[in-house]
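This report goes through selected local features of one protein chain. It covers aromatic rings, charged pairs, a sheet and some backbone details.

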Amino acid sequence: MTNNEFPKKYDPKAFEESLYKNWEKNGSFKPKESKTWESFYIPMPPPNVTSKLHVWHSVMLTLEDIMTRYHRMKGDSTLLLPGTDHAWISTQVKVEEKLAKDGKNKHNISREEFLGECWDWTKKYGWEIQSQFRKMWASCDWSKEKFTMDPDMNEKVNKAFVDLYNKWLIYKWEYMVNYDPVLDTVVSDQEVIYKEEKGKLYHITYFVSWSDNEIVVATTRPETLLWDVAVAVHPKDKRYKKLLKAGKKLILPIVNKEIPLIADEMVDMEFGTGAVKITPAHDPNDFEVAKRHDLPLNKIVLWKDGKMTDVSGIFAGQDFMTARENIVELLKSKWNLIKIEEHTSKVGYGERSHAKIETIISKQWFVKIEPIAKKVIAGYKKKDFEIVPKRFNKTFEDWIYNLRDWCISRQLIWWHQIPVWYGSDGEMFCAENEEMAYEVAKAHYNNDAIVLTRDKDALDTWFSSALWPFAVLDYNMDDTSSQNDLIKQFYPASVLETGHDIIFFWVIRMLLFWYEFTWETPFKTIYLHWLVKDKIGRKMSKSLGNWVDPVDMIEKYGTDALRLTLSIWNTPWNDLKFDEENVENNMIFINKLWNASRFVSTNLENIENDIDSIEADLIKNYNNLMFHEKWILSRIRYLSDLVSTSMESFDFSEAGQELQIFTKNEFCDYYIEEYKLTKETSKFGEKVITYVMNILLKLWHPYIPFVTEEIYNKLGFTWWLIDANWWKVSIDRNENLEKENVLVFDVIKEIRSIRADNNILPNKTIGLKIYAKQKNKDILEQVLDLIAWIVKADSIELVDKKPAWDNYAFWVIKAWVEVFIDTANALDLDKELERLNLQIEDTKEYIAILDKKLLNETFISKAPEKLVRAEMEKKEQALDKLSKLKEKMSKLNK
């Protein structure tokens, strides 16, 4: 291998794209016949087709690709299956904005025309995410890519709906829901963000019927009292016990009709007067109270457009704020308004639209959850699936044991339309398609000349997403006993990898559906990755200006540097504080690996490819190996075992950090220096460095696939690294030898630190005398030349008697070894004395400033004790530093 064949500079742009194209061309991403009789499958969470790559996607892709590449090299048949989501809300909003410019809206064009506009917009502006995903170079089988609006996906959604409907697990009912006026659709509880806002609390008198008594009710929404159905108090509230016992009724202000006084534990006795009005159509708590007490689910006073409805009498058509003001004035005139107070309450806003949410009663479609959840709970208890990390078991349990029926209908168009048709008399016909609906309807009416109208609502996005892991494998829902080869080989999925923030939205719903449809888990492991925040721990946001574009990072530093940062640069499973400096540092580290590999390339005439043969030869001749060769083989055995174990336990961060420490400190900074020193005298040096280099590239490949593949090819190893076997090192580990070498490491580290701290230039040499007890002396004797080589010593000697330490510039005690360092030839004495003198003067000035503060009686008497102690500690540290500087100067002056 020559220098020309292995470029001096690490330049990821020179090979990343071409390597990816070659991998794809060679079919490296497609499932192959398993060598282990095992399969490994990850269904990639589908990003919105209209979105752009962001750091969340990058973490997801990196971790999924690490797992996939490891299992591929391990010999499993692997499948990382990509796909995209049609971005229901973002696409529809963009299309509505376009229509508005043309003077149109979704109400004055047909559904088919609107869907056509959505498809046109998606084709024109969508799919950018797919090309950006390829920038992260995940090893997906792109030939199997799915889109949530593909015809076959739509068929499966319809089949799932019909199946659940026929089992009485889907129903349509009036219920309290959250309405988003901007999106013009209902949204789930989890899509509502609550913010504290200042408002008013109105105290209103409700007179007791046929009595001189009255009850004062506190409310934040007086405009809804027109259709109150009751006033509620807590059953233990002594203030109202007599009235409850007497069965008294109250007069509803303005309306002047009787309503009951009821007792319910929902009421907070400390809120207001302890009496609250019950308006079931506009408050979820009131709705539940009304159901418990068999009260009428009254008429809707405030409609979703924010205006008062026709049942509001003289206030009909007014916006709610105008109606509120008018009702408050009317209450004042009737002496029903006692007072108005300032009040802070939590107000719901749409997570996507940021619009104020209205809670209204509306007829919607629901999935009955309780009987399905019982199956998931049973599977969870049997350990059908595991959650990694385990701390999210509690989050999972909080959700699965407290689920309510799921509202699955949305008032959107760009989505899967609900497969239900209605006859002219309102009769419902649920079917997989229109043709089947008509067949059932004709039989029902005994009439061929009927006209059906399809339900206009669409399904919640998470309904179709819940089918994702098996729908993308073309699961046969008509005959579950007859499945294709992909299902037989890969279902259930090995891992479902996603962010811990969507454990309810997606993960639990997939479990619900597939325990219902198949009685088994859709995946064996749920791996929940960390969130990425900015370097000071804030959520990333374009409005905060801390948004990071992964494509920019890739352009500047390469994909491998970004992948390394996202996978190992944090405490395992804790949120990652992203700092661009870390990406740059990882590029510098990769450059170090590149240079080390280039050194191997230029120093070996021919690379042996038969690693099995090299390993067997090294085992056979183990006793003839040098000390440092045995040591590096022991370390690569340790590293191989650790990385393999960590991969199986999903601990990618720890494994990556250990790999980085080994590569930088042990392989590059230590072993390669040993190799340089001994390459002429070692019989097996070339075999050892070839073997270690080969294994190291394989261990690194899942994390940094491009640079490792490029190096592997440049070194002349046969086959593609992506298709190479994961290596199980057979050479035994020698822990005693590793412990002995720690002593050598410590001595070298201390001497290097002294050189750095004292500005000793690399081209200047030092002299060393080392005193050690016999056991450590025997260890050091084997590597004495190596120590001298690494620390740039022109003389080194193991001595039986300690020299007089004051004859030496520096004296180090480390692990029962004493090192005496002579820097006479290494230091420019005058410059060093000048530098030390400046440091001494600066330290004296700092001590004087601290003394001034500590001698100030006002500071001592008024400052917190903690602050005074801190200043005293600073002074002690400064005095210690001054003493050491003077001692060093004294030695140099001798």
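## A charge over a ring

Which residue lies over the face of W406, and at what distance from the ring centre? It is R509, at 4.3 Å from the ring centre of W406. The model is a predicted one.

There is also a lysine in such a position: K676 has its charged end over the ring of F599, 5.4 Å from the centre of that ring.

## Aromatic pairs

Across the whole structure, a search finds 45 aromatic pairs. One of them is formed by Y10 and W594, whose ring centres are 5.9 Å apart. The planes of the two rings stand at 50 degrees, so this pair is tilted: it falls between the limits of 30 degrees for stacked and 60 degrees for edge-to-face. Y10 belongs to the segment before α1 (16–25), while W594 is part of helix α19 (residues 580–603), so the pair ties together parts of the chain that are 584 residues apart in sequence. Y10 and W594 are both buried.

The rings of Y380 and F385 also form a pair, with centres 5.9 Å apart; their planes are at 35 degrees, so this pair too is tilted. Y380 has a relative accessible area of 15% and is therefore buried, since the limit is 20%. F385 is buried as well, with a relative accessibility of 4%. Elsewhere, ring pairs link a cluster made up of F161, Y165, W365, W406, F463, F470, Y475, Y491, F513, W514 and F517. W406, a member of this cluster, is the residue whose ring face lies under R509.

## A four-stranded sheet

Four strands form an open sheet in the order β10-β11-β9-β12, and the pairing is mixed. At its edges are β10 (249–252) and β12 (275–278), each of which pairs on one side only. On average, and with direction ignored, neighbouring strands of the sheet are turned by 35 degrees against each other.

Within the sheet, β9 (residues 230–233) and β11 (residues 257–263) run parallel and are joined by three bridges. Opposite V231 stands L261 of β11.

## Salt bridges

The whole structure holds 55 salt bridges according to the search. In one of them, the side chains of E117 and K98 meet at 3.1 Å, N to O. E117 is in helix α4 (residues 111–125) and K98 in helix α3 (residues 88–101); the pair links distant parts of the chain, 19 residues apart. K98 is partly exposed, its relative accessible area being 37%.

R292 forms a salt bridge with D264, and their closest N and O atoms are 2.9 Å apart. R292 sits in helix α8 (residues 284–292) and D264 in the loop between β11 and β12, so this salt bridge ties together parts that are 28 residues apart in sequence. The partners fall into opposite classes of accessibility: R292 counts as exposed at 51%, whereas D264 counts as buried at 6%. The side chains of D264 and R292 are also joined by a polar contact of 2.9 Å.

Helix α8 holds a further pair, E288 and K291, which are three residues apart, about one turn of the helix. Their side chains meet in a salt bridge of 3.8 Å, N to O. E288 is partly exposed at 24% relative accessibility, and K291 is partly exposed with a relative accessible area of 41%. In another part of the chain, D163, K167, K375 and E516 are joined into one network by salt bridges that share partners.

## Backbone details

The peptide bond from V388 to P389 is cis, with omega near 0 degrees. P389 is in the loop between β15 (386–388) and α11 (392–400). A cis peptide bond also joins Y491 and P492, where omega is about 0 degrees. P492 lies in the loop between α15 (485–490) and β22 (493–499), and Y491 is one of the residues in the aromatic cluster.

D184, a residue other than glycine, has a positive phi near 60 degrees. It is placed in the loop between β5 (170–180) and β6 (185–187). K792 has a positive phi of about 60 degrees although it is not a glycine. The loop between α27 (784–791) and β27 (793–799) holds K792, which is partly exposed at 39% relative accessibility.

Technical notes:
Residues numbered from 1 in each chain as written. Predicted model: local features only at pLDDT ≥ 70, side-chain atom pairs only at ≥ 80, totals over all residues. Heavy atoms only, no water. Phe/Tyr/Trp six-rings, centres within 6.5 Å; stacked < 30°, edge-to-face > 60°. Helix = DSSP H or I, 4+ residues; strand = E, 2+ residues; numbered from the N terminus. Buried < 20%, exposed > 50% of the residue type's maximum accessible area, 1.4 Å probe, protein only. Lys NZ or Arg CZ within 6 Å of the ring centre and 35° of its normal. Pairing = 2+ DSSP bridges. Axes fitted to C-alpha atoms, helices over the stretch in contact; angles between N-to-C directions. Salt bridge = Lys/Arg side-chain N within 4 Å of Asp/Glu carboxyl O. Polar contact = N/O pair within 3.5 Å; in protein donor to acceptor, adjacent residues only side chain to side chain.
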